[in-house]
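The following exercises concern the surroundings of a ligand and the packing of helices. Study the structure, attempt each task, and then compare your reasoning with the solution.

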Amino acid sequence: MRQKQGRHWIVIAVTALAALLGLLAMSCSQNRQTNPAPKKELTKDQRMDWWRDARFGMFIHWGLYAVPAGTYNGKRVDGIGEWIMNNGKIPVKEYEKYAEQFDPVGFNADQWVRMAKYAGMKYIVITSKHHDGFCLWDSKVTKYDIMDATPFKRDILKELSVACKKHGVKLCFYHSIMDWHHPDAQAPFYPNYNDTSQSNPNFDRYVETYLKPQIAELLANYGPIGVLWFDGEWIKDWTEPKGKDMYAYIRGLRPSILINNRVGKGRKGMEGLSKSDEYAGDFGTPEQQIPPTGLPGVDWETCMTINDTWGYKSYDENWKSTEELVRNLADIASKGGNFLLNVGPTPEGLFPRPIERRLEEIGKWMAVNSESIYGTTASPIGKPEWGRCTARGNTLYLHVFQWPADGKLDVPLAGGQAAKAYLLADKKHAALPVSGGQDKLTISVPNAAPDSIDSVIVLVTNNR
Ligand code: FHN
């Protein structure tokens, strides 16, 4: 009897164990279905690849500040257009009213993206939110956005994401950490929202319940985002540990995304990024300046206005010439950097005509010469007196700004051996005569420059 009972318990135990194992196996296989094995993480070089190749992008500062366009209460406000809320000392409630007037019926995402693409720009960085706190997308954590606060009620970022996908342009978001509208951020600092001596005791709540959820929305709903481009990090409440935490949070959501240095406190000197891991971020962001000799060992991108303001100002007519812009692009590429050129659209949603004209002219130059920009690396011959140089392997692109009057272009290539030289504008690649000296090469060029701004000569060398 006791023997029988014993056997009975063994049977029960074995059955239970089998059932348990079965359940375990099922749950494992379900887990495999819902949680596929994590993809191998990309290296930094792999993540940076498209960006290093791109070299040229469009920055867009657009928001409520386009409505006052530099004028408040009938008076012109000094400074950059997007700072009018601070510089004009406009109270939050009053500034909010610009939302009722923000109705950019001329906005056509497809046209904007086509203009950027025509100019040769490979990516667009648009202000999802600038310091004034107004959001250009349908954010679920605020009503201070394009859908809830304006008569326009179209998600601008959504329309741009569709157009960018269609035209193969990478969409990226600028996002301000500083927020003059949020009560837990800098709104209470009125009349000096930018007071860097002040702290908001509720700032952590702003970060956890507003800033991070907004970043999550931007990453979840607008397709693959190339870069999250932070700004406004200089406020007292933002610290390097907060920057590192934000960096890790974003990379946790989108492992392959790029994040600029302003996510943390790494904006120092030429605004490059420290080569060590001291600061968070993937690349440095010199603003309104081109580092004289680049930032060797660090990825960097110069951002620059096309006139003197980022956000639209109706009376700022101090446009940079196409010559200056094209030469800046060549100069930056010759130092191994990217050029992020800003446009400030009007409250109607249009690019001012002088901007369109410049983009068209840059596009014409790029149609002939983009090979000398995309995917190139810094000059191995420094800054020659006639212009700049970019490189791709053993090929040098000589950007000649000052065409030689005597038809002889000297290239400071020590002991260099030229395999071939030709004008990039010449579809037949007809060889230009080259004579070699001890420490320089001389290329014989035609009398007239193919391009009055920047004529590119391709020099294929066989010694690199
Ligand atoms: O204060 C901003 C400014 O408005 C603009 O957005 C530029 C772009 O780099 N960044 C800030 C200043 O560094």
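The model is predicted.

**Exercise 1.** Determine how many residues surround the ligand and how they divide by class.

*Solution.* Begin with the count: 16 residues surround the ligand. The closest of them are His 61, Glu 82, His 131, Asp 231 and Glu 287. Next, sort the shell by class: it holds 8 nonpolar, 3 polar and 5 charged residues.

**Exercise 2.** Identify side chains with an N or O atom 2.8 Å from an oxygen atom of the ligand, and state how much of the ligand's accessible area the protein covers.

*Solution.* Consider the side chains in turn. Trp 83 has a side-chain N or O atom 2.8 Å from an oxygen atom of the ligand. For Arg 267, the corresponding distance is also 2.8 Å. His 61 may be added, with a side-chain N or O atom 2.7 Å from a ligand oxygen. Turning to area, the ligand on its own has 330 Å² of accessible area, and the protein covers 95% of it.

**Exercise 3.** Describe how helix H6 is placed relative to helix H7.

*Solution.* First locate the helices: H6 spans residues 109-118 and H7 spans residues 156-167. Their axes come within 8 Å and cross at roughly 45°. H6 is therefore oblique to H7. Finally, the handedness: H6 passes H7 in a right-handed crossing.

**Exercise 4.** Carry out the same analysis for helices H10 and H11.

*Solution.* H10 covers residues 322-334, and H11 covers residues 353-369. Their axes lie 10 Å apart, and the packing angle is about 45°. The two helices are therefore oblique to each other. The crossing of H10 past H11 is right-handed.

Notes
Residues numbered from 1 in each chain as written. Predicted model: local features only at pLDDT ≥ 70, side-chain atom pairs only at ≥ 80, totals over all residues. Heavy atoms only, no water. Near = heavy atom within 4 Å. Polar contact = N/O pair within 3.5 Å; in protein donor to acceptor, adjacent residues only side chain to side chain. Areas by Shrake-Rupley, 256 points an atom, 1.4 Å probe, with all protein chains shown as cover. Nonpolar A, V, L, I, M, F, W, Y, C, P; charged D, E, K, R; others polar. Axes fitted to C-alpha atoms, helices over the stretch in contact; angles between N-to-C directions. Helix = DSSP H or I, 4+ residues; strand = E, 2+ residues; numbered from the N terminus. Parallel < 35°, antiparallel > 145°, perpendicular 65-115°, else oblique. Left-handed = near helix turned anticlockwise from the far one by under 90°.
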